[in-house]
Amino acid sequence: KSGMLMIDQHRAHVRILFEQFLNEIEHHHAPSQQLLFPETLEMSHDDAIFLEQINDELTALGFRIEQTEDHLFNISGIPSEFENENIKTILHDLIEKAKTTSMSTTEAIHEMIAQSLAEASALKNGQSLTNEEMIDLIDRLFACSSPNRTPDGKLITAILSLDEIQSRFR
């Protein structure tokens, strides 16, 4: 009634997935999609140690990762939200981000994992959505605890007032 609400669909989806992933980590109830052909992930010694440390959180999200050799891991399951993402790249990026982020609490670790995975699996900018998908995205966004900002503080919504709209057409 007071103007036009604009929503960045990528940022909205990041917020939705972030809160969903956080909830799944805390309650350990995420569905896992089993891979027909498991992937092998090779990591450095330090990365392998870190991956082992966060494996419980990743399992809670739906990952099924088992160490097969010193620096080799077998990925047999992924979160059901992931479709065509490159899982190896996502896990490597997650570990790189974790190395550069100071995480002093379990909550900080959970938030970093949830944010990193949400950003990797969210809708891409410019991706076309049907009307039903748009409505679902908006409904899910406004069911979030903080629908106006992404986990890293970027704006998701903006309102263009009726006055601003009218002034553009004078």
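The following exercises, each with a worked solution, concern a predicted model of a protein chain.

**Exercise 1. Overall architecture**

Determine how many helices and strands the protein chain has, in what order the elements run, and what the C-alpha trace spans along its principal axes.

*Solution.* Step 1: the protein chain contains seven helices and five strands. Step 2: read from the N terminus, the order of the elements is β-α-β-α-α-β-β-α-α-α-β-α. Step 3: the C-alpha trace extends over about 70 × 35 × 25 Å along its principal axes. Step 4: for contacts between residues at least 6 apart in sequence, 74% link residues at least 24 apart.

**Exercise 2. Surface and charge**

State what share of the residues counts as buried, what the accessible surface comes to, and how far apart the mean positions of the positive and negative charges are.

*Solution.* Step 1: the protein chain has 170 residues, of which 36% count as buried. Step 2: its accessible surface is about 10100 Å², with 49% of this belonging to carbon and sulfur atoms. Step 3: the chain carries 13 positive and 29 negative charges, and their mean positions lie 12 Å apart.

**Exercise 3. Salt bridges**

Give the number of salt bridges in the structure, and describe the pairs that involve arginine 11, arginine 15 and lysine 154.

*Solution.* Step 1: the structure holds five salt bridges. The criterion is a side-chain nitrogen of Lys or Arg within 4 Å of a carboxyl oxygen of Asp or Glu.

Step 2: arginine 11 pairs with aspartate 8, and their closest N and O atoms are 3.8 Å apart. Arginine 11 is partly exposed because its relative accessibility is 28%. Aspartate 8, with a relative accessible area of 26%, is also partly exposed.

Step 3: arginine 15 and glutamate 19 form a salt bridge through their side chains, at 3.0 Å from N to O. The two residues are four apart in helix H1 (residues 9-27), so about one helical turn separates them. Both arginine 15 and glutamate 19 are buried.

Step 4: aspartate 152 and lysine 154 meet through their side chains at 3.8 Å, N to O. Aspartate 152 has a relative accessible area of 40% and is therefore partly exposed. Lysine 154 is likewise partly exposed, at 43%.

**Exercise 4. Two residues of helix H5**

Classify glutamine 115 and serine 116 as buried or exposed, and list the residues that each one contacts beyond four places in sequence.

*Solution.* Step 1: glutamine 115 is placed in helix H5 (residues 106-121), as is serine 116.

Step 2: the cut-off for a buried residue is a relative accessible area under 20%. Glutamine 115 has 14% and is therefore buried. Serine 116 has 10%, so this residue is buried as well.

Step 3: with neighbours up to four places away set aside, glutamine 115 contacts Phe18, Lys97, Pro151 and Asp152. Under the same exclusion, serine 116 touches Leu94 and Lys97. Lys97 therefore appears in both sets, a contact being heavy atoms within 4.5 Å.

**Exercise 5. Aspartate 47**

Locate aspartate 47, decide whether this residue is buried or exposed, and identify its contacts.

*Solution.* Step 1: aspartate 47 belongs to helix H2 (residues 45-53). Step 2: its relative accessible area is 7%, and aspartate 47 is therefore buried. Step 3: apart from residues up to four places away in sequence, aspartate 47 touches Ile95, Glu96 and Lys99. Step 4: aspartate 47 and isoleucine 90 are 43 residues apart in sequence, with their C-alpha atoms 13 Å apart in space.

**Exercise 6. A nonpolar surface patch**

Name the residues that form the nonpolar patch on the surface, and examine the two patch members isoleucine 138 and phenylalanine 142.

*Solution.* Step 1: the patch consists of Leu5, Ile138, Phe142 and Ile159, which together have about 370 Å² of accessible area.

Step 2: isoleucine 138 lies in helix H6 (residues 131-142), and phenylalanine 142 is in helix H6 too.

Step 3: patch residues need over 30% relative accessible area. Isoleucine 138 reaches 35% and counts as partly exposed. Phenylalanine 142 reaches 40% and is also partly exposed.

Step 4: excluding neighbours within four places in sequence, phenylalanine 142 is in contact with Leu5, Ile7, Pro147 and Thr157. Leu5 is itself a member of the patch.

Step 5: phenylalanine 142 and methionine 112 are 30 residues apart in sequence and 22 Å apart in space, C-alpha to C-alpha.

Note on methods. Residues are numbered from 1 along each chain as its sequence is written. This is a predicted model: local features need pLDDT of at least 70, side-chain atom pairs count only at pLDDT 80 or more; totals for chains, interfaces and linings use all residues. Side-chain values use heavy atoms; hydrogens and water are left out. Patches are made of residues with over 30% relative accessible area and no salt bridge: like charges are joined within 9 Å, nonpolar side chains (Val, Leu, Ile, Met, Phe, Trp, Tyr) within 5 Å. Accessible areas come from the Shrake-Rupley method with a 1.4 Å probe; for residues, only the protein chains shown count as cover. Buried means under 20% relative accessible area, exposed over 50%, partly exposed in between (1.4 Å probe, protein chains only). Lys and Arg count as positive and Asp and Glu as negative; His and the chain ends are not counted. The place of a charge is taken as NZ of Lys, CZ of Arg, CG of Asp or CD of Glu.
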